Amino acid sequence: MSEADVMQIITSAMWVAARISAPILLTSIVVGVVVGLLQSVTQIQEPTLSFVPKFVAVGLVIVIAGPWMLQEMVSYTRTLILELPSLVS
């Protein structure tokens with residue numbers, strides 16, 4: 001297995017991880033900024049007020065995008081397993 005093959009596997013794994021984590025991270029960031037803005041405007045500094053909306057929003061994203069995320073992981077794993085014989089020799 002050449003160094004280029006290893007780099008290709010690592011690059012593919014990183015792209016899959018970025019695509020899978022992007023919806024969750026972006027949702028958490030957007031909800032966090034909106035809640036933080038509302039807290040600063042209303043001067044309400046309750047810690048649970050920032051945690052609960054992010055928790056609910058991320059949960060909804062996982063429910064909605066979960067099948068797609070799982071399909072992406074399975075597809076990458078299947079491709080990696082099918083290419084394994086060519087990588088070993």
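Here are five short exercises, with worked solutions, on a predicted model of a protein chain.

**Exercise 1. The overall fold**

Task: Work out how many helices and strands the protein chain has, and how its radius of gyration stands against that of a compact globule.

Solution:
- Start with the secondary structure: the chain has 2 helices and 0 strands.
- Next, take the radius of gyration. For a compact globule of 89 residues a value near 12 Å would be expected, but this chain has 19 Å.
- Then look at the C-alpha trace, which spans about 65 × 25 × 15 Å along its principal axes.
- Finally, check burial: 16% of the 89 residues count as buried.

**Exercise 2. Two helices side by side**

Task: Find which residues of α1 and α2 are buried, and what they pack against.

Solution:
- In α1, the buried residues are Val16, Ile20, Thr27, Val31, Val35 and Gln39, and they pack against α2.
- In α2, burial falls on Ala57, Val58, Val61, Ala65, Met69, Glu72, Tyr76 and Leu87. These residues pack against α1.
- Now turn to the contacts between residues at least 6 apart in sequence: 72% of them join residues at least 24 apart.
- For one pair to look at on screen, try isoleucine 10 and isoleucine 81. They are 71 residues apart in sequence, and their C-alpha atoms are 14 Å apart in space. Isoleucine 10 belongs to α1 and is partly exposed, at 39% relative accessibility.

**Exercise 3. The largest nonpolar core**

Task: Identify the residues of the largest nonpolar core and the helix that gives the most to it.

Solution:
- The core has 6 residues: Val16, Ile20, Val61, Ala65, Met69 and Tyr76.
- Two elements, α1 (3–42) and α2 (47–88), each give two or more residues to this core.
- The top contributor is α2, with 4 residues.
- Zoom in on valine 61. Beyond its neighbours within four places in sequence, valine 61 touches Pro23, Ile24, Thr27 and Gly66.
- Now move to glutamate 72, in helix α2. Its relative accessible area is 16%, which is under the 20% cut-off, so glutamate 72 counts as buried. Outside the same four-place window, glutamate 72 is in contact with Val16, Arg19 and Ile20.

**Exercise 4. Straight or bent?**

Task: Compare the span of each helix with the span expected at 1.5 Å a residue, and locate the bends.

Solution:
- Take α1: its 40 residues should span 58 Å, and the end C-alpha atoms are 56 Å apart, which agrees.
- Even so, α1 bends by about 40° at alanine 22, with proline 23 following within four residues.
- Take α2: a straight helix of 42 residues would span 62 Å, whereas α2 spans only 52 Å between its end C-alpha atoms.
- The bend in α2 is about 60° and sits at alanine 65; proline 67 follows within four residues.
- Before leaving α1, look just past its end, where glutamine 43 takes a positive phi of about 60°.

**Exercise 5. The aromatic pair**

Task: Decide whether the rings of phenylalanine 51 and phenylalanine 55 are stacked or edge-to-face.

Solution:
- The structure holds 1 aromatic pair.
- The centres of the two rings, phenylalanine 51 and phenylalanine 55, are 5.7 Å apart, and the planes meet at 25°.
- Planes under 30 degrees apart count as stacked, so this pair is stacked.
- As for location, both phenylalanines lie in α2, 4 residues apart, about one turn of the helix.
- Phenylalanine 51 and phenylalanine 55 are both exposed.

Technical notes
Residues numbered from 1 in each chain as written. Predicted model: local features only at pLDDT ≥ 70, side-chain atom pairs only at ≥ 80, totals over all residues. Heavy atoms only, no water. Core = buried A, V, L, I, M, F, W, Y, C linked by side-chain atoms within 4.5 Å. Buried < 20%, exposed > 50% of the residue type's maximum accessible area, 1.4 Å probe, protein only. Contact = heavy atoms within 4.5 Å. Phe/Tyr/Trp six-rings, centres within 6.5 Å; stacked < 30°, edge-to-face > 60°. Expected span 1.5 Å × (residues − 1). Bend = angle between axes of the 7 residues up to and from the residue. Rg over C-alpha atoms; globule rule 2.2 N^0.38 Å.
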